[in-house]
Amino acid sequence: MLDVHFWENRYITQNTGWDLAGPSPHFVELIKTPPGFLKPGSMAVLGAGGGHDAALFGQNGFQVTGFDYASSAVQEAQQRYGQWADFQQMDIFTLGQPDSPFAHRFDYVLEHTCFCAILPNQRPDYLKTVTGLLKPEGHLIGIFWEHEEPDGPPFSSTLHEINTLFSHGFDIISVEERQPASNRRGIERLMVLRRKKEL
Ligand SMILES: C[S@@+](CC[C@H](N)C(=O)[O-])C[C@H]1O[C@@H](n2cnc3c(N)ncnc32)[C@H](O)[C@@H]1O
């Protein structure tokens with residue numbers, strides 16, 4: 001079953017093939033030549049894992065909170081990068097609910113291999129989570145992964161699927177196809193989406 005025990009076990013047994021041992025090169029590039037909208041602000045990182053992406057943005061002036069429900073990942077990220085970001089052990093699907101202390105607190109949500117780690121039937125809840133975390137006109141910055149394998153994790157997502165999911169409540173600001181980081185197959189899309197002011 002794809003649940004917290006599955007992911008915790010992957011960390012305990014050090015079976016973490018997705019971990020790049022550093023931030024995604026696509027985010028590193030984005031930070032070097034930031035588009036106009038990318039000013040330091042509050043950022044939530046979903047499924048933050050080892051914390052490398054959270055640390056990158058923290059080191060560049062953002063106030064970052066990384067969320068993950070695997071305690072080993074959170075502890076390691078906090079130990080290694082606690083100077084640059086805060087890490088919280090939480091289920092991302094609780095974060096955007098109206099009574100959550102994190103609701104509408106963030107200028108940015110960052111996505112990297114969390115969307116592909118959840119079951120495809122959880123994607124509507126993922127949309128609710130991102131919508132619930134962002135301030136009006138806040139941005140989702142994400143790397144979305146399309147590959148040929150029928151199953152997962154990682155679960156593939158096409159551009160059409162992403163566009164359709166986020167068509168309610170978001171404007172697509174940019175889509176860039178990139179060579180996948182490391183030895184991943186398929187393509188990665190670096191996407192920026194802006195939450196509409198009025199929903
Ligand atoms: C493939 S790993 C990616 C980790 C990190 N983003 C990276 O790129 O190295 C997926 C992460 O999402 C976390 N995750 C999956 N479902 C989650 C949920 N519902 N709530 C919180 N974290 C979740 C897992 O614990 C795992 O750390």
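This is a short talk on the sheet, the helices and the ligand shell of one structure. A word of caution first: the model is predicted.

Let's start with the sheet. Strands of a sheet pair through backbone hydrogen bonds, either parallel or antiparallel. Here we have an open sheet of seven strands, and the pairing is mixed. Read across, the order is β3-β2-β1-β4-β5-β7-β6. Which strands sit at the edges? They are β3, residues 85-89, and β6, residues 170-178. Each of those pairs on one side only. Neighbouring strands are turned by 20 degrees against each other on average, if we ignore direction.

Now walk through some pairs. Strand β4 covers residues 106-112, and strand β5 covers residues 134-146. These two are parallel, with six bridges between them. Find Leu110, and opposite it in β5 you will see Ile141. Next comes β5 with β7, an antiparallel pair joined by eight bridges. Ile141 appears again here, since its bridge partner in β7 is Val192. Then β6 and β7, also antiparallel, over eight bridges. In that part, Glu177 stands opposite Arg189 of β7.

Stay with β4 for a moment, and look at Tyr108, which is in this strand. Is Tyr108 buried or exposed? The cut-off for buried is 20 or more other C-beta atoms within 10 Å. Tyr108 has 25, so Tyr108 is buried. What does Tyr108 touch, apart from neighbours within four places in sequence? Its contacts are Gly41, Met43, Gly138, His139 and Ile141. For scale, take Val28: 80 residues from Tyr108 in sequence, and 16 Å away in space, C-alpha to C-alpha.

On to the helices. Helix α5, residues 123-133, lies across β1, β4, β5 and β7. The helix runs at about 140 degrees to β5.

Helix α3, residues 52-59, packs on the sheet too. It touches β1, β2, β3 and β4. Its direction makes about 170 degrees with that of β2. Why do we call α3 largely enclosed by the rest of the structure? Because seven of its eight residues are buried. Those are His52, Asp53, Ala54, Ala55, Leu56, Phe57 and Gly58. What covers them includes two helices, α2 and α4, along with strands β1, β2, β3 and β4. After α3 comes Gly61, with a positive phi near 95 degrees.

One helix pair to finish this part. Two packed helices are described by the angle between their axes and the distance between the axes. Helix α1, residues 4-12, packs with α4 at an angle of about 50 degrees, and the axes are 7 Å apart. An angle like that makes α1 oblique to α4. Which residues make the contact? From α1, we have Glu8, Tyr11 and Ile12. From α4, we have Ser71, Ser72 and Ala73. Sorted by class, this contact has three nonpolar, two polar and one charged residues.

Last stop, the ligand. There are 20 residues around it. Which come nearest? Trp7, Gly47, Gly49, Tyr69 and Ala70 do. By class, the shell holds twelve nonpolar residues, five polar and three charged.

To recap: a seven-stranded open sheet with mixed pairing, a helix α3 that is largely enclosed, and a ligand with 20 residues around it.

Note on methods: Residues are numbered from 1 along each chain as its sequence is written. This is a predicted model: local features need pLDDT of at least 70, side-chain atom pairs count only at pLDDT 80 or more; totals for chains, interfaces and linings use all residues. A residue is near a molecule or strand if its C-beta atom, placed from the backbone, lies within 6 Å of it. Ala, Val, Leu, Ile, Met, Phe, Trp, Tyr, Cys and Pro count as nonpolar, Asp, Glu, Lys and Arg as charged, and the others, Gly among them, as polar. Two strands pair if DSSP finds at least two bridges between them. Helices (H or I, at least four residues) and strands (E, at least two) are DSSP runs, numbered from the N terminus. Axes are lines fitted to C-alpha atoms, for helices over the stretch in contact, and angles run from 0 to 180 degrees between N-to-C directions. Two residues are in contact if their C-beta atoms, placed from the backbone, lie within 7 Å. A residue is buried if 20 or more other C-beta atoms lie within 10 Å of its own, exposed if 12 or fewer, and partly exposed in between; C-beta atoms are placed from the backbone. Angles under 35 degrees count as roughly parallel, over 145 as roughly antiparallel, 65 to 115 as roughly perpendicular and the rest as oblique.
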